[in-house]
Amino acid sequence: MCDACERVFNRRSLIRGAVLGGGALAAAGAGLWVPGLSAQPAKAGESMDGSTLERAAMAEDAASAAARQAQRSTGGAAPAVETASSATPSATHAVGGVAGVRRVDPPNVNAVKAPPIAARAAWGADETIRLDKRAYAPVRKLIIHHSASANRPASPADVVRFIQRYHTKDRGFSDTGYNYLIDHNGGIYEGRAARKYGSAEAVSNEDNNGWGVVGAHAKGNNAGTCGICLIGNFDDGSPTDASIASLVWLLAYKASRYRIDANGSDEYIDLYGNHRIYPNIAGHRQVGSTACPGKRLYALLPTIRDEVARRSGQWDPLTVDVPKVLRWEVGTLRSPTSAPANPTPANPTPVNPTTAPSTTGSGPASSGTGTTLIGVRVASANGRIYTAGKGAAHGNPSASGATDVIALTNAASGDGYWALDRAGVVTAFGGLGHFGDAAGKGEAADLAATATGNGYWVLMADGGIYPFGDAGYASSPKRAGLGGSALKIAGRPKGDGYWVLMADGSVRAFGAAPKLATPVGVGICVDIAPTPTGKGYWILTDTGAVAAFGDAADKGDQIRSSVKWSKRATHLLATSSGAGYLIINAEGSMLAFGDATLYPSFGGSGIRASGAALAFG
């Protein structure tokens, strides 16, 4: 039962009606649907529960009815003080009492790409009935709802328009309560207005700084949350595959963008300073006295969280002091940002995501953002990730059951990474997208990412190559019939070609990758790293020697240094400038050459280094 409804209906009788089969509730609520809407209400006697009238009063609005009246009475000027609710907040004990941060990092530049979203103009929002007053806060929770209206409406846009009218004209809200709505075809609609968008921008529902607009979808939990409503009644029916696919995609975009752990339960500080702990992806019933989002959708949330976590990665807990950072804005909607991240069209036609990519990745980082080297990560074969420097602890492949990790890679910007296990399974961390993997295809050998962070190649031990995302395919040693075992793959930054290092020390070039030489007489070749131009590469041997080819610059190596290792060299990481590199050995010891930064070594830690990647901030 939605919180705002208790001002109109008796909460106990409604809940009792839901438990006993919904007859009394149906009778009480059947008349609330506006006649003439193409999506008709449930008829009296149909199964309806305490969330049925979410369409009538879905949440407490940040711009309350009192604020609306005050703005009208002052000729459009904003009232001096406005709370997030026109009702008195209920008492809540402090849980944990963690001090919330007041400075929040900007959105993740390597976030999962936004799905197609119909902006308000596309679905016909009435911009004359909303108030030009909005609040913004860093998003820390994602709350799932259902509209409790008829399933599979003939015109979902009619339902979206109706919800806007009802919330604003009948409930006194400043605008649509939800941040997003999703129909049974998988179409996603922008809800509450946040600002204007450029033609290449995603409909982020944020201000120009990346803070989410405060909606009106969960009383006492609106500030710092994003409310997503699936159109339909999911006590009476089940959500469609298309709607769940879009929900997962949208959640993965939001979770990775805001660095929210999909399976976590971070502490939340509400607008009144109360501390609560509940799932970061929650059903409405988990934050209020309601049966929303319906028992059938609610039962899917554990699976949805797992899939979102797989795509968006794992993140450290973060508690934000929402009352101290909330920002109000009065006046017309702000213009588009000058440097959009994660671009998608602002007014696309809603699509069925079952015909679109099920997983997406990040767009390129904005200029000067997320490209400063801050650390190095080393993967241990047992599935644990160790970080030297300032890279965040985003999680371990072992948490997903990977205990034989053989490779680690990163995009050209941002703090995320992908891990590959011997079975071909790819796991994404730190907001990078998961584009697929080679599970069940045989024994994997290596993983390399495109410079955009929108794709990667999986190299198999038999020389087969599986491209995912924007990684191009240009044949493989296996398809070319070259034979032999494959060790490593290095891709050109443009994604239009790659080199494969074979076990016999030869290098095979494909696509736009130029054919170059290989080292002779300096040990067994173990790794290859491309230059930023894609016109050359370095090759590392087990003795610690580095050989440069093409436009790669020789900056030295372990055998020419004063440092002597007892363990074999295993990994080579080139800096983004192309003027340096790091050599890592089998136990995680490191040496830096050229402009590479030397980070603390893992030598002596007992790990068996099976992969390495850079971290950017």
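Which residue in E15 is the bridge partner of Leu420? Keep that in mind while we get our bearings. What you're looking at is a predicted model, so everything below describes a prediction.

Let's start with two neighbouring strands. Strand E14 covers residues 417–421, and 4 bridges join it to E15, with the two running antiparallel. Here's a bit of background: strands of a sheet pair through backbone hydrogen bonds, either parallel or antiparallel. Now for the opening puzzle: Leu420 has Val426 as its bridge partner in E15. To get from one strand to the other, the chain makes a hairpin with 4 residues between the strands, and in that hairpin Gly424 takes a positive phi near 90 degrees.

Now walk along E15 itself, residues 426–429. In a regular strand the side chains alternate between the two faces of the sheet. You can see that pattern here: Val426 and Ala428 point one way, while Thr427 and Phe429 point the other way. Are these residues buried or exposed? All of them are buried.

Val426 also gives us a way to step over to another strand. Val405, which sits in strand E13 (residues 405–409), is 21 residues from Val426 in sequence, and their C-alpha atoms are 9.5 Å apart in space. Val405 has a relative accessibility of 2%. Buried means under 20%, so Val405 counts as buried. Leaving aside residues up to four places away in sequence, Val405 touches a list of residues that includes Ala379, Pro397, Ala419, Leu420 and Ser610. Notice Leu420 in there: that's our residue from the opening question, the partner of Val426.

Further along the chain, there's an open sheet of 3 strands, in the order E22-E23-E24, with antiparallel pairing. Strand E22 (525–530) and strand E24 (546–549) are at the edges with a single partner strand each, so one side of each has no neighbour in the sheet. On average, neighbouring strands of this sheet are turned by 20 degrees against each other, direction ignored.

Zoom in on strand E23, residues 537–541, which is joined to E24 by 4 bridges, the two running antiparallel. Trp538 stands opposite Ala548 in E24. Thr541 is found in E23 too. How does Thr541 count, buried or exposed? With 1% relative accessibility, Thr541 counts as buried. Which residues does Thr541 touch, not counting those up to four places away in sequence? They are Pro519, Val522, Gly523, Ile524, Cys525, Val526 and Ala569. One of these, Cys525, should ring a bell, as strand E22 spans 525–530.

Terms used. Residues numbered from 1 in each chain as written. Predicted model: local features only at pLDDT ≥ 70, side-chain atom pairs only at ≥ 80, totals over all residues. Heavy atoms only, no water. Pairing = 2+ DSSP bridges. Axes fitted to C-alpha atoms, helices over the stretch in contact; angles between N-to-C directions. Buried < 20%, exposed > 50% of the residue type's maximum accessible area, 1.4 Å probe, protein only. Contact = heavy atoms within 4.5 Å.
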